[in-house]
Amino acid sequence: MAGIVFSKLSGLNDSVFGKSAEPIRMLLEKRAEAFEESSLVKKLFAKERSKSFGEKTVSMTAMEGFQPTGEGGAYPDDELQEGFSKFIEHVTWKDKFTITREMIEDAKLMDLRKKPAAFITGYHRTCEMFGAAMLAGGTGASITFRGMPFDTTAQDGMPLFCKEHKSKVNAKFNQSNLFANEFSADALGLAETAMQNLTDDNGNPLAMAPDTIVIANSAAMKKAVFEAIGADKDPDTSNNGFNYQYGRWNVIINPYFNGLIGEKAWMLMDSAYNRDVSGNVWYERTPLEVTPWVDHNNDNAVWNGRARFGVGFNDWRQIAMGGVTGGTELV
């Protein structure tokens, strides 16, 4: 069904639109399937179903672990406490398109194909643009998208990308996932190491394994990235030194970042950790519902589209941004 829920063809089966309803439905499904195959949202966000008006997630601090007791020793008490929490409320999104009776009567097949295709293109483009805007706006506390404000903070209340992410256990302990370094082979290695050294709120290493580089559709950034990771020899010298970055990275080139992030900005993500903790999370409350009906005021067929989802950030450790003025300088 390509993620679309169709309601009963109200008023269409017994009208001049009846014979066109199913072909239009198939056009909608085919277009949706094509978009879902190439979606960048599903690569950058952990998608989950929701059955509530919103979702609250609460992290838990780690336990200290086992202690040596010696023979016959008593069991030591261990404890954990509630960490930071985050609530993401679902938002309703709507659109519609109209097919006039005259289109059907005059067999305007091109118009009949264009309108459903443009409708689905508009929905999926909106999702891609919104996902990109949320990530790109992660250096601040919120964004405004099409007139509505959206929260871009993580569970600790700080922006997704920040130099001073707090610990629930130790208020003086700060960590950073916002870096000043412009992209290079060295900067990639430094950012990877910084992410691998990130800890939980108790200071325990998380064994992060960054595997994905995310950039805008910029010729200069593509050149820099593929020069750094695209050859098995050292990219900075004429010798035969081994390039340890070769063959280790997935690269996501997101054109929806163009104009939203700085020309030299780039991101590094641990896709497995992101899925495990639902870091960048996209809660789908109601998939796209399409409802066709006849407007008897003008004899046109109207196709309503409605979806409901919530997007936000639980953890922040799953992703980092580099090439940002004022970020932490990695050395």
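In this predicted model, Thr152 is found in the loop that runs between strand S7 (148–151) and helix H5 (185–196). Although Thr152 belongs to a loop, the residue is buried, with a relative accessible area of 0%. Its surroundings can be listed by name: leaving aside residues up to four places away in sequence, Thr152 touches Met134, Gly137, Gly138, Gly140, Ala141, Ser142, Ile143, Pro159, Leu160 and Phe313. One of these neighbours, Gly137, also has its backbone oxygen 3.3 Å from a polar atom of the Thr152 side chain.

Attention can now turn to the nonpolar interior. In soluble globular proteins, nonpolar side chains tend to be buried together. Here, the largest nonpolar core contains 80 residues, and Leu28 and Trp303 are the ones with the most contacts inside it. Helix H4 (residues 109–136) is the element that gives the most to this core, contributing eleven residues.

Charged side chains add another layer to the picture. The model has ten salt bridges, and a few of them are worth visiting in turn. Within helix H1 (residues 18–37), Glu29 and Arg25 are four residues apart, so about one helical turn separates them. These two residues form a salt bridge, with their closest N and O atoms 3.6 Å apart. Burial is assigned below a cut-off of 20% relative accessible area; Glu29, at 18%, therefore counts as buried, while Arg25, at 22%, counts as partly exposed.

A second salt bridge joins Lys264 to Glu182, and here the closest N and O atoms are 3.2 Å apart. This pair links distant parts of the chain, as the two residues are 82 residues apart. Lys264 sits in the loop between strand S9 (250–254) and strand S10 (266–269), whereas Glu182 sits in the loop between S7 and H5. That loop between S7 and H5 is also the home of Thr152. Unlike the buried Thr152, Glu182 is partly exposed, with a relative accessible area of 46%. Its partner Lys264 is likewise partly exposed, with a relative accessible area of 46%.

A third example involves Arg317 and Asp315, which form a salt bridge whose closest N and O atoms lie 2.7 Å apart. Both Arg317 and Asp315 are buried. Salt bridges with shared partners bring Asp201 together with Asp315 and Arg317 in one network.

Key:
Residues are numbered from 1 along each chain as its sequence is written. This is a predicted model: local features need pLDDT of at least 70, side-chain atom pairs count only at pLDDT 80 or more; totals for chains, interfaces and linings use all residues. Side-chain values use heavy atoms; hydrogens and water are left out. A nonpolar core is a set of buried Ala, Val, Leu, Ile, Met, Phe, Trp, Tyr and Cys residues joined through side-chain atoms within 4.5 Å. Buried means under 20% relative accessible area, exposed over 50%, partly exposed in between (1.4 Å probe, protein chains only). A polar contact is a pair of N or O atoms within 3.5 Å; within protein, one must be able to donate a hydrogen and the other to accept it, and residues adjacent in sequence count only if both atoms are side-chain atoms. Contact means heavy atoms within 4.5 Å. A salt bridge is a side-chain nitrogen of Lys or Arg within 4 Å of a carboxyl oxygen of Asp or Glu.
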